[in-house]
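Work through the exercises below with the sequence and the model open. Each task is followed by a solution in steps.

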Amino acid sequence: MEKKKKRKLKKGIILFLIIFILFWLFLGVYLFQHKSFDTKLKEHGYSKEEIQELKSHLEKKNLEIVLEYDYQKTILHILNEKDFQEKYFSYYLKFLNRYPNATSYDIVFFVNHGLEDITYNPDLHDIIHHEKFKEEYLDDYLKYYEEHQELDAEKIVIDVNTNKEEEDPNANLKPVGGEVTSNSNSNSNQNSHKNSNSNSSSNSSSNTKDPKEEDIPLEEITALFLGKQYMVDRNMDRYRKYYLSHKNLSADEIITRVNSNIDLTAYKDVTASDLGKGDLLIVNKYYYLDKNYVPSNLVAVNSKHGRGYLKKEAYDAFIEMYNDAVKEGLYPYIQSPYRSYSYQTTLYNNYVKRDGVKEADTYSARPGYSEHQTGLAMDLGTSKNHSIGDFESSKEFTWVSKNAYKYGFILRYPKNKQYLTGYMYEPWHYRYVGKEIAKYIYENNITYEEYFEYFLR
Ligand SMILES: [Zn+2]
């Protein structure tokens with residue numbers, strides 16, 4: 001009897017101890033996980049208030065998605081957008097990652113409209129924010145824009161509105177001239193058949209050339225280009241060929257495009273970059289660097305100016321610019337300068353793993369094709385906020401964008417030029433080319449592609 005009681009008591013105590021230990025164990029694990037979540041967000045650069053805000057808007061699985069990306073203030077702005085929908089959260093962040101300069105409004109707008117795969121750029125921003133923008137014409141604006149990237153947002157909105165209003169409400173818009181640019185652009189592909197069977201609309205362009213005209217004498221086509229600014233003799237055949245499929249474009253526009261190589265296929269019709277050009281070498285989707293190319297005289301960037309390495313002449317120019325910026329109370333910060341071939345390979349492969357080749361190509365250069373491998377390019381943030389995606393909204397950007405040329409830097413991927421450079425507008429990316437050339441490019445509003453082809457190649 002006694003023995004049995006004792007044994008029962010023993011069992012009870014052991015059971016209690018097990019439960020007791022398990023309780024504290026679980027509590028410990030729970031608290032640890034919880035704490036480490038906050039800690040992780042903190043390590044990403046989020047402040048206490050921002051962490052609270054993230055937690056109040058997002059469920060756990062979405063907080064985990066936040067941790068997959070670098071810190072960006074825009075993420076917090078997205079949460080506060082009027083039309084924010086949590087079920088689209090991962091799409092918003094993917095969009096932001098591809099287009100760090102997209103505003104939170106634009107991200108929510110395009111994703112909510114099912115256009116998360118759109119090739120975003122500031123022209124589209126200007127279109128959807130235009131005072132005469134009408135949401136019901138969205139597809140038409142996108143279609144028209146795809147075919148007329150050389151036009152500005154104002155012209156696109158007005159042309160489409162005019163076309164839509166002049167015709168009966170069911171008629172589709174006929175794009176002026178019907179010209180399609182050769183670079184791939186996924187804007188509004190879903191509408192591409194919708195608009196192709198209309199031939200009733202008026203043509204708002206002054207262009208009256210018949211696109212079916214075929215037997216134009218060679219000399220007549222040549223004459224269109226002779227004497228034009230930036231014409232290069234060796235490209236004459238290409239101008240003529242491009243003209244035959246783009247008759248509604250001006251000769252100057254055709255010269256601009258062919259000189260920028262957009263009649264070729266990116267990553268396919270490629271040439272090794274001519275290293276003999278020194279600091280004026282060009283790297284883009286048509287000119288590449290060997291995997292063993294490492295620029296000479298790379299120097300370490302001082303931590304007060306940023307991080308990483310730049311070619312000495314580029315860094316010296318930055319310091320000169322920085323010292324003048326500081327006098328204005330501004331602190332540009334070198335966030336991403338030289339990148340080795342192998343680092344670019346890692347970056348690019350990670351993007352491909354996550355988003356696929358097609359998507360990765362829209363925002364990341366392939367190894368060998370990144371200008372960062374030259375040691376002459378840098379992505380800027382500010383010393384207060386290193387994020388390059390926030391750079392455009394800083395005072396530093398306003399100043400740098402107006403003054404960088406005085407120190408030998410050009411904004412390498414400008415607004416409205418993505419169809420020439422192959423890259424969306426990157427307000428943070430500057431390239432050193434020396435003062436004289438930078439001044440010319442700034443004052444004449446041309447790209448480095450155009451400058452290189454005409455003056456340097
Ligand atoms: Zn860059």
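**Exercise 1. The chain as a whole**

What percentage of the contacts in the protein chain with a separation of 6 or more is accounted for by residues 24 or more positions apart? Then describe the secondary structure and the burial of the chain.

Solution. The model is a predicted one. Step 1: residues 24 or more positions apart account for 63% of the contacts with a separation of 6 or more. Step 2: the secondary structure of the chain comes to 19 helices and 8 strands. Step 3: of the 457 residues, 48% count as buried.

**Exercise 2. The zinc site**

Identify the residues that coordinate the zinc ion, give their spacing, and place Asp379 and His429 in the fold.

Solution. Step 1: the zinc ion is coordinated at 2.1 Å by His372 through NE2, Asp379 through OD and His429 through ND1. Step 2: along the sequence, the spacing of these donor residues is H-x6-D-x49-H. Step 3: Asp379 belongs to strand S6 (residues 377–382) and His429 to strand S8 (residues 429–432). The two are 50 residues apart, and the pair links distant parts of the chain. Step 4: Asp379 and His429 are both buried.

**Exercise 3. The surroundings of Arg240**

Is Arg240 buried or exposed? Find its element and its contacts beyond four places in sequence.

Solution. Step 1: Arg240 is found in helix H11, which covers residues 236–245. Step 2: the relative accessibility of Arg240 is 15%, and the limit for buried is under 20%, so Arg240 counts as buried. Step 3: leaving out residues up to four places away in sequence, Arg240 touches Leu218, Ile221, Thr222 and Phe225. Step 4: for Ile221, 19 residues from Arg240 along the chain, the C-alpha separation from Arg240 is 6.3 Å. Step 5: for Thr222, the side chain makes a polar contact of 2.7 Å with the side chain of Arg240.

**Exercise 4. Helix H19, the cavity and Tyr454**

Determine which helix gives the most to the lining of the largest cavity, then examine Tyr454, which lies in helix H19.

Solution. Step 1: the structure holds 1 cavity of 30 Å³ or more, and the volume of the largest cavity is about 30 Å³. Step 2: the lining consists of Asn259, Ser260, Asn261, Ile282, Asn284, Tyr287, Glu449, Phe452 and Glu453. Step 3: helix H19 (residues 448–456) gives the most to this lining, with 3 residues. Step 4: sorted by class, the lining has 3 nonpolar, 4 polar and 2 charged residues. Step 5: Tyr454 has 36% relative accessibility; buried is under 20% and exposed is over 50%, so Tyr454 counts as partly exposed. Step 6: not counting residues up to four places away in sequence, Tyr454 touches Tyr230, Met231 and Val232. Tyr230 and Tyr454 are 224 residues apart along the chain, with 5.9 Å between their C-alpha atoms.

**Exercise 5. The largest pocket**

Which element supplies the largest share of the lining of the largest pocket? Give also the volume and the classes of the lining residues.

Solution. Step 1: the largest pocket holds about 1200 Å³ of space. Step 2: its lining has 44 residues, and those nearest its centre are Asp70, Arg339, Leu347, Tyr351 and Ile388. Step 3: at least two lining residues each come from helix H5 (89–98), strand S5 (332–336) and helix H14 (341–355). Step 4: H14 supplies the largest share, 6 residues. Step 5: by class, the lining has 19 nonpolar, 16 polar and 9 charged residues.

Methods:
Residues are numbered from 1 along each chain as its sequence is written. This is a predicted model: local features need pLDDT of at least 70, side-chain atom pairs count only at pLDDT 80 or more; totals for chains, interfaces and linings use all residues. Side-chain values use heavy atoms; hydrogens and water are left out. Donors are N, O and S atoms within 2.8 Å of the metal (3.2 Å for Na, K and Ca); water is not among the atoms, so sites may look incomplete. Buried means under 20% relative accessible area, exposed over 50%, partly exposed in between (1.4 Å probe, protein chains only). Contact means heavy atoms within 4.5 Å. A polar contact is a pair of N or O atoms within 3.5 Å; within protein, one must be able to donate a hydrogen and the other to accept it, and residues adjacent in sequence count only if both atoms are side-chain atoms. On a 1 Å grid over the protein atoms alone, a cavity is a set of points where a 1.4 Å probe fits but cannot get out, and a pocket is an open set with protein on both sides within 12 Å along at least five of seven lines; lining residues have an atom within 4 Å of a point. Grid points are joined across faces, edges and corners, and a volume is the space filled by probe spheres set on the points. Ala, Val, Leu, Ile, Met, Phe, Trp, Tyr, Cys and Pro count as nonpolar, Asp, Glu, Lys and Arg as charged, and the others, Gly among them, as polar.
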